[in-house]
Amino acid sequence: MFTVTKTPFGEYTAYVLADSEAGTTATVVPEKGGMVVSMTKNGEEYSWLRHPNFELPERPRCGVPVCFPVCGPTPEEGNEFEGGHYPMVVHGILHTTPWEYAGQNTQDGASVTVTVTDNDESRKSYPYSFRVTVTYTLKGNVLRFAQKYENTGDKAMPFSFGFHPYFSISAVDNLVWDLTAESVRDADTGALTPFTGVDFPYDPDQTTRHYAGVKSPMSFTDKGNGHHVTVRFDEHFTNAVLWQQGAEKFVCMEPWNGYPGSMRGTHEVLDAGKSLEAAFEVEI
């Protein structure tokens, strides 16, 4: 049986998607960047929330933030749009913007749709008119993220997109990876070296790996808690990032359409009135 339940989540309103037969749930909070904040199976949490970061208005560094119109940090002088330089926080503008609830369905899975449009604040960093819509659908052990990016303005719109899922783990050393890529990308210089396997050791500060030419799916198995997580994605996602911070009990396995600084290189461009649809899914 599929259900969608509206419920308080701290100071926010959440929508809990549930598949009672599979014993799975996914929780979406539109007001908090339109993002997923929980995924459970048989009561076990697979997602990860950082407190008090989640409760504060700052950039969420937990759950599943949406990256748009960039992935990663912006150059110090800002992105160049329409001949001007615009400052932008890391991973773009949508993860700190309240989204709106736009409907739900329980016919073929438990789903909720959320949407966000440009506003006065977003145009300070990104001078374009847009609408982004995501429909989250839980069915069995799989949560699907169906996306639609629309250029609602009168000029061509450059952008990249991606997601930043945080998964709960026992320890980095307990993870066994299954990931295939063409290259490893240096996060600072953009230089590419051949991919020879996942090298993701524990670091007391943080560990980051950027990959290009990534093949779907990518997954990890946690030998400590028994969790197995798989991320599948369509042809729009050609990059990926693995990230972990010190002794925190999470790892990020992130499908990206762009890469740091991609506004200076390869990125999507939508003509006025056009749209792009993409999808990825998480299986727990």
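1. In this predicted model, the largest pocket has a lining of 21 residues, and those that lie nearest its centre are Gly 72, Pro 73, Val 90, His 91 and His 210. The volume of the largest pocket comes to about 420 Å³.

2. As to where this lining comes from, at least two residues each are supplied by strand E19 (206-212), strand E22 (239-245) and strand E23 (250-256). Among the contributors, E19 gives the most to the lining of the largest pocket, namely 3 residues. Sorted by class, the lining of the largest pocket holds 9 nonpolar, 8 polar and 4 charged residues.

3. The second largest pocket encloses about 270 Å³ of space, and 15 residues line it, with Ile 93, Thr 96, Thr 97, Glu 121 and Ser 125 lying nearest its centre. The lining of the second largest pocket divides into 5 nonpolar, 7 polar and 3 charged residues.

4. Turning to the strands, an open sheet is formed by 5 strands that follow the order E1-E2-E3-E4-E5, with antiparallel pairing. Strand E1 (2-9) and strand E5 (44-45) are the edge strands, and each has a single partner strand, so one side of each has no neighbour in the sheet. As general background, strands of a sheet pair through backbone hydrogen bonds, and the pairing can be either parallel or antiparallel.

5. At the E5 edge, a reader may wish to look at the link to strand E4 (residues 35-41), which runs antiparallel to E5 and is joined to E5 by 2 bridges. Here Lys 41 can be found standing opposite Glu 44, a residue in E5.

Definitions and conventions. Residues numbered from 1 in each chain as written. Predicted model: local features only at pLDDT ≥ 70, side-chain atom pairs only at ≥ 80, totals over all residues. Heavy atoms only, no water. 1 Å grid on protein atoms, 1.4 Å probe; cavity = no way out; pocket = protein on both sides within 12 Å on 5 of 7 lines; lining within 4 Å. Points joined across faces, edges and corners; volume = space filled by probe spheres on them. Helix = DSSP H or I, 4+ residues; strand = E, 2+ residues; numbered from the N terminus. Nonpolar A, V, L, I, M, F, W, Y, C, P; charged D, E, K, R; others polar. Pairing = 2+ DSSP bridges.
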